[in-house]
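Student: Please take one part of this protein and go through it closely with me. I would like to look at the interior, and at how a few single residues sit in it.

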Amino acid sequence: MFILILGAPGSGKGTQGRILAERLGLPKITTGDLLRKAMKDGTPLGLEVKKHYDEGKLVPDNIVLGMIKDELARPEAKHGAILDGFPRTAAQAELVDKTLAQRGQRLNHILLLDVTEEELVRRMRARSRVEGRTDDSPEVIATRLQVYQRDTAPLIAHYARRGIVHRVPGTGTVEQIAEEIKRIIGR
Ligand code: AP5
Ligand code: MG
């Protein structure tokens, strides 16, 4: 089973993805974590990533598409995975759809975490005081929210045509939202 968790920055993709992956025994693939690791390792790729990441812009598809391909090809992801933070662009969606179709698979559910902008900003500001993620500064948060609306939100319509998008109210406790997700996917 392949499940995509979609939502704006700070909407809870990582938090809910972790719970879901554990419950279903599936790997969670998070492009943001892979990119943060590349930056931390200081590889040439990481340095290129940092230029975009630190401004809250999307890392270009020519870097991310290869990463997605490699992750989906891992043996752990043979029968399913939780996708956190990708696809994020039309080209990424096309790659995921095509790769799965070639294996006789498809995205089964899209969980769209619906959180007000006010709450998103509140969460990311709170996190910046604890974790110090370089993209949680007020200016970069604003850019990330705009980029989400422009480049990623259109994917909702793309997948809604297939009838697989479930809108999940993303405000409430972590446990309440996890329960709602369990109800939606039926396990
Ligand atoms: P990415 O790492 O994916 O970050 P994001 O989408 O901006 O989202 P976050 O990770 O900030 O939030 P989240 O939705 O995971 O929520 P979380 O559970 O952490 O991407 C970062 C950057 O990497 C991008 O800007 C881009 O540059 C690049 N990138 C990544 N993927 C890419 C791709 N595919 N293509 C191109 N570029 C890519 O929760 C947020 C906070 O709220 C946490 O502190 C959490 O504890 C708290 N929280 C969670 N749930 C609740 C709740 N119910 N109530 C209160 N607080 C809560
Ligand atoms: Mg995340």
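Tutor: What follows starts with the whole chain and then moves to the interior and its residues. Keep in mind that this is a predicted model.

Begin with the outline. The protein chain has 9 helices and 5 strands. Read from the N terminus, the elements run β-α-β-α-α-α-β-α-β-α-α-α-β-α. The C-alpha atoms fill a box of roughly 40 × 40 × 30 Å along the principal axes. Is the chain compact? Better to ask it this way: what radius of gyration does the protein chain have? The value is 16 Å, and a compact globule of 187 residues would have a radius of gyration near 16 Å, so the two agree.

Now go inside. Buried residues make up 45% of the 187 residues. In general, nonpolar side chains tend to be buried together in soluble globular proteins. Here the largest nonpolar core has 37 residues. The residues with the most contacts inside this core are L83, V96, L107 and Y159. Helix α4, residues 61-72, gives the core its largest share, 5 residues. There is also a second, separate core of 14 residues, which includes I3, I5, L24 and I181.

Take L107 from the largest core. Setting aside residues up to four places away in sequence, L107 touches F2, L4, L83, V96, D97, L100, Y159 and I164. Three of those names should look familiar: L83, V96 and Y159 are listed with L107 as having the most contacts inside the core.

Next, stay in the strand. H109 lies in strand β4, residues 107-114. Is H109 buried or exposed? Its relative accessible area is 15%, and buried means under 20%, so H109 is buried. Beyond its neighbours within four places in sequence, H109 is in contact with M1, F2, I3, L4, I164, H166 and I185. I3, one of these partners, belongs to the second core.

Turn to helix α1, residues 13-24, where Q16 lies. Q16 has a relative accessible area of 3%, so it counts as buried. Its contacts, again leaving out neighbours within four places, are I5, L113, V174, I177, A178 and I181. Both I5 and I181 are among the residues of the second core.

G17 lies in helix α1 too. At 0% relative accessibility, G17 is buried. Outside its neighbours within four places, G17 is in contact with I5, G12, K28 and I82. So I5 appears in the contacts of Q16 and in those of G17. G17 and G170 are 153 residues apart in sequence, and their C-alpha atoms are 13 Å apart in space.

Those links across the sequence fit a count for the chain. Among contacts between residues at least 6 apart in sequence, 76% join residues at least 24 apart.

One detail of the backbone deserves a stop. The peptide bond from F86 to P87 is cis, with omega near -5°. P87 is found in the loop between β3 (81-84) and α5 (90-102).

Finish on the outside. The protein chain exposes about 9800 Å², and carbon and sulfur atoms supply 53% of that area. The chain carries 31 positive and 25 negative charges, and their mean positions are 3 Å apart.

Conventions: Residues numbered from 1 in each chain as written. Chains lettered and ligands numbered in written order. Predicted model: local features only at pLDDT ≥ 70, side-chain atom pairs only at ≥ 80, totals over all residues. Heavy atoms only, no water. Core = buried A, V, L, I, M, F, W, Y, C linked by side-chain atoms within 4.5 Å. Buried < 20%, exposed > 50% of the residue type's maximum accessible area, 1.4 Å probe, protein only. Helix = DSSP H or I, 4+ residues; strand = E, 2+ residues; numbered from the N terminus. Contact = heavy atoms within 4.5 Å. Rg over C-alpha atoms; globule rule 2.2 N^0.38 Å. Areas by Shrake-Rupley, 256 points an atom, 1.4 Å probe, with all protein chains shown as cover. Lys, Arg positive; Asp, Glu negative; His and termini not counted. Charge placed at Lys NZ, Arg CZ, Asp CG, Glu CD.
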